[in-house]
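Student: I have this model open on my screen and would like a close look at one part of it, the packing of two helices. Could you walk me through that part and then place it in its surroundings?

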Amino acid sequence: MAIANSTAARVRELFGERLGSRVQTSVDPRANTLRIQIDKASVREGTEILANEMNARFMVTVGTDRRPLTGGYEVTHVFSVDADQLYVLLVCSLAPGDEQICSITPIVPGASWAERELFDAVGVKSEGHPDPRRLMLADDWPEGVYPLRRDFPYNHRPPPTEGVRPRLLDPPPGASVVPLGPFFPVLEEPAYFRLFVEGETIVGCEYRGFYAHRGIEKLGDSALTYNEIPYVAERICGICGFIHSTCYCQAVENAAEIEVPPRARYIRSLMLELERIHSHLLWLGIAGHILGFDTVLMQTWRMREPVMWLCEEISGNRKTYGMNTIGGVRRDFPEPLSSKLLDTLVGVEKEAVAVRDAIVGDTTLHARTKDVGILTNEWARKMCVVGPSARGSGIPIDARIDHPYAAYNEIPARIAVQQTGDNWARVLVRVEELVESIRLVREVVSAMPGGPICAEIEDEIPPDRIGISVVEAPRGEAIHVVITGGDNRPYRWRVRAPSYANLQAAPAMVTKDSIADVPITVGSLDPCFSCTERFELVDVRSNRIVVYSQEELAKMAHRPARPGGTP
Amino acid sequence: MTAKVIALCVLNVAVALLLSPLYEGIMRKLRATVHSRKGPPVIQPYLDLLKLLGKEDLRTTRGVIYDAAPALALGSVLLLAMFVPMGESPPLGFAGDLIVLVYVALMAPVAMMLAGFASASPYAYVGGSREMMMIFTMEPVLVVALVVGAVKAGTLGVGGIVDWQLTSGPSPSMVVAGAAFLLGLQAQAGKLPFDIAEADQEIMGGPLVEQSGPRLALFRWAMLARQLVFAFLFVEVFIPWPHTGFFPLDLGLAMAKALAVLVLVALVDVVNPRLRIDQGMSYFLRVGLISFVALAFAVVGT
């Protein structure tokens, strides 16, 4: 923390020198967080100081409708000084009636989506943004309706605009368009890559996603309570749900300064690493499948099963464990299980190493992945790419090291870094991480302390505090920001999944390659489309909201798949 | 004489039509075993074809080429079967049948490519153009390998090449030509690493993306029959030994050898990822060089 303190002091000094009195306040609510409040005109200068001089990495933008409290909107850009374990919040409060702010995308290209989403959701326009089109609202969502404003009820359905067309880019002259989507054939998910091609060579690419938003952030600040959100957060992702529930709980714990008991931290680390093991095995199978190598798919998914069974024995579920709660976890790790867990891991490790060696030696795989889908170190930094995709391009960032949480202070992870930035590098990083995660699970189990698994929380969570939390998901760093509210729920809950950052880099990665390389290049980012799709409120196709009661859901779940079959 | 020719024609067509799904079933079973799966029953390909044949005929577009392509594909493969020896000289064989064989063998992939171009889908269009590039690079391998036999045997008849092989025994040039033909067989059968034109994960089946029901059944059947006919052509021309002269036994031997060849094809398929079209083409340019080496051997007489 001493490093963070001295860095914070340096940031403060730099801001004082350059901006002088335009810095309104600068406080550190916690040792690892520095909050700098500046006026609207200095946002760009502040960003320049952070990005260029402090080498800070842009993480997420949080737009908050504070009209009921202060009369205006508030925009917070969150940065991370990775080496020094410090978050810097650049906060700008807009005057009542003001709906504009200076865009920071010209300085930090990776902020592009964050600022477009800021306009879509809160209605604060970023002046000078190079591509101010709508990002995640449906094409027929009416203009001027901003779902994350406080006066917008979570169950309101505005009438759709008639006769609108998708806001898509025109291809460069001479190029034709090959659509991959909106039903993305590679992963069978709703995502739309429009490839601009000359022959088989790609000269440009546009990504359009966000077809299946679910309005989770809005639910968090209007319909759910603090203790209900972890279960919804876990459903943000179908693979790495525990990441999101952990991340949310940590954000609230940070904001309310709740001390989590050591055993709970270790159990979180255990589940996070188990999740990474089965997620990486899943990814490896999908990467094989994308290249037509179904033997890899079948074998890795068979290897994955014992890990899922372990998760089921610990939590009761193969996936979506429902174990996290604010202050700790709800289920203890059964000690008698540890020998079985270690035995299973011996088998998984043996097979994982065998698969790693087989992959590393396969020349046809080299032909398909080496020098393909190159993400340069420079571009990866500019686009603020995270996780294995960043580490494959020589950026040694990992939330487990940069902002230690759970038990990673006591049991640090060794991270794998590759320099080449091609698909092959990302394959190597992930297979190394797979083996490393197995080691971490072993260490966590053998060092697990006793004691309670959940903190006693007596006081109410104090309002108007900000909590930031990151978790290294298998795909990269997930960020949750919680601004606490007074009615037993967050005033604002902001989620940024790792794929949100990584997908922004995809268009540049596929350019100059051939169409046949697009699936594996996109696949090499391990994109999780469900993670990025959290927001929309209405099913635009059927134009209705269906709410099932618990009884109806139970009835549906127990209905036999075919007549006469067993439930 | 004519009765025998007709009987053999019927038999060859029957083998190509009725046996090919069984062989595919065995290949699928093998694939499943390597995958650690149980896999569908061996007769699954028959069931798939039956089911597809019973479905509604849906078409994305109209046009003579699009309408006729499936029948053309299957029909050409059945015609091809009559030019290929199966335990006996090819039933429609004549002095220059090698040239006809090469042309007829091309018709099925060309029909598929044209159906792709005609079906008004970008995926089918990309698949069709990939199919075309594969045909350009694959076909010379096939032709040159067969011409090696023609040069050695001094005849343009497939039956004549087989007879020459049987009387003179293995020769270096035929072994090299056979190896080139075998490498090409993987792509002719549309198996990995050369299923580039169909590439499910990239272009969703390529030329066949807009085909369904009976039309898809005919295309599928044509592809299955084609891989079996090519396996027969390979084993009969390049490894015809032993030949007993007793037709049922010879036919049985040829079937067993063809099965062995297709099992090999399936094994290569299951342990390889897909190549990109440029990589596939440069691979076949190299295989083409091998077949030219064989041709050089044949011309100098070894």
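Tutor: What follows starts with one pair of helices in chain A and then moves outward to the sheets, the contact between the chains, and chain B. Please keep in mind that this is a predicted model.

Let's begin with a general point. Two packed helices are described by the angle between their axes and the distance between the axes. The pair to find on your screen is helix α7, residues 262-290 of chain A, and helix α14, residues 423-446 of chain A. Their axes come within 9 Å and cross at roughly 150°. Because of that angle, α7(A) is roughly antiparallel to α14(A). As for handedness, the crossing in which α7(A) passes α14(A) is left-handed.

Now for the side chains. Which residues of α7(A) meet α14(A)? Among them are Tyr266(A), Leu270(A), Leu274(A), Ile277(A), Leu281(A), Trp283(A), Leu284(A) and Ala287(A), and the polar and charged names on this helix include Ser269(A), Glu273(A), Arg276(A) and His280(A). From α14(A), the residues they meet include Val427(A), Leu434(A), Ile438(A), Leu440(A), Val441(A), Val444(A) and Val445(A), as well as Arg430(A), Glu433(A) and Ser437(A). Sorted by class, this contact has 15 nonpolar, 3 polar and 4 charged residues.

If you follow the chain beyond α14(A), you come to a loop between α14 and β15 (466-473) of chain A, and Asp464(A) sits in it. Asp464(A) is not a glycine, yet its phi is positive, at about 60°.

Helix α7(A) also takes you to the partner chain. It is one of the elements that give two or more residues to the side of chain A that touches chain B, along with β8 (176-180), α8 (294-315) and α10 (363-369) of chain A. The contact as a whole takes 24 residues from chain A and 21 residues from chain B. On the chain A side, α8(A) gives the most, with 5 residues. By class, that side of chain A divides into 13 nonpolar, 7 polar and 4 charged residues.

Strand β8(A), just named at the contact with chain B, belongs to an open sheet of 3 strands in the order β8-β11-β12 of chain A, with antiparallel pairing. Its edge strands are β8 and β12 (201-208) of chain A, and each pairs on one side only. Neighbouring strands in this sheet are turned by 25° against each other on average, ignoring direction. β8(A) pairs with strand β11 (residues 192-198) of chain A in the antiparallel sense over 5 bridges. To locate one of the bridges, select Ser176(A), whose partner in β11(A) is Val197(A).

Another sheet of chain A is worth a look. It is open, with 5 strands in the order β1-β2-β5-β4-β3 and mixed pairing. β1 (23-30) and β3 (57-65) of chain A stand at the edges with a single partner strand each, so one side of each has no neighbour in the sheet. On average, neighbouring strands here are turned by 20° against each other, direction ignored. Inside the sheet, β2 (residues 33-38) and β5 (residues 86-93) of chain A pair in the parallel sense over 5 bridges, and Arg35(A) has Leu89(A) as its bridge partner in β5(A). Helix α2 (residues 43-53) of chain A lies across β2, β3, β4 (73-81) and β5 of chain A, and runs at about 170° to β5(A).

Stepping back, chain A has 19 helices and 17 strands. Its radius of gyration is 23 Å, close to the 24 Å that the globule rule gives for 567 residues, so chain A is as compact as a globular protein of that length.

Chain B, in turn, has 11 helices and 0 strands. Here you can look at another helix pair: the axes of α4 (residues 97-118) and α5 (residues 122-153) of chain B come within 9 Å and cross at roughly 175°. α4(B) and α5(B) are therefore roughly antiparallel to each other. Their contact divides into 14 nonpolar, 3 polar and 2 charged residues. A last spot to visit is the cis peptide bond that joins Trp241(B) and Pro242(B), with omega about -15°. Pro242(B) lies in the loop between α9 (213-238) and α10 (247-270) of chain B.

Notes
Residues are numbered from 1 along each chain as its sequence is written. Chains are lettered from A and ligands numbered from 1 in the order in which they are written. This is a predicted model: local features need pLDDT of at least 70, side-chain atom pairs count only at pLDDT 80 or more; totals for chains, interfaces and linings use all residues. Axes are lines fitted to C-alpha atoms, for helices over the stretch in contact, and angles run from 0 to 180 degrees between N-to-C directions. Helices (H or I, at least four residues) and strands (E, at least two) are DSSP runs, numbered from the N terminus. Angles under 35 degrees count as roughly parallel, over 145 as roughly antiparallel, 65 to 115 as roughly perpendicular and the rest as oblique. A crossing is left-handed if the near helix is turned anticlockwise from the far one by less than a right angle, and right-handed if clockwise. Two residues are in contact if their C-beta atoms, placed from the backbone, lie within 7 Å. Two strands pair if DSSP finds at least two bridges between them. The radius of gyration is taken over C-alpha atoms; the globule rule is 2.2 Å times the number of residues to the power 0.38.
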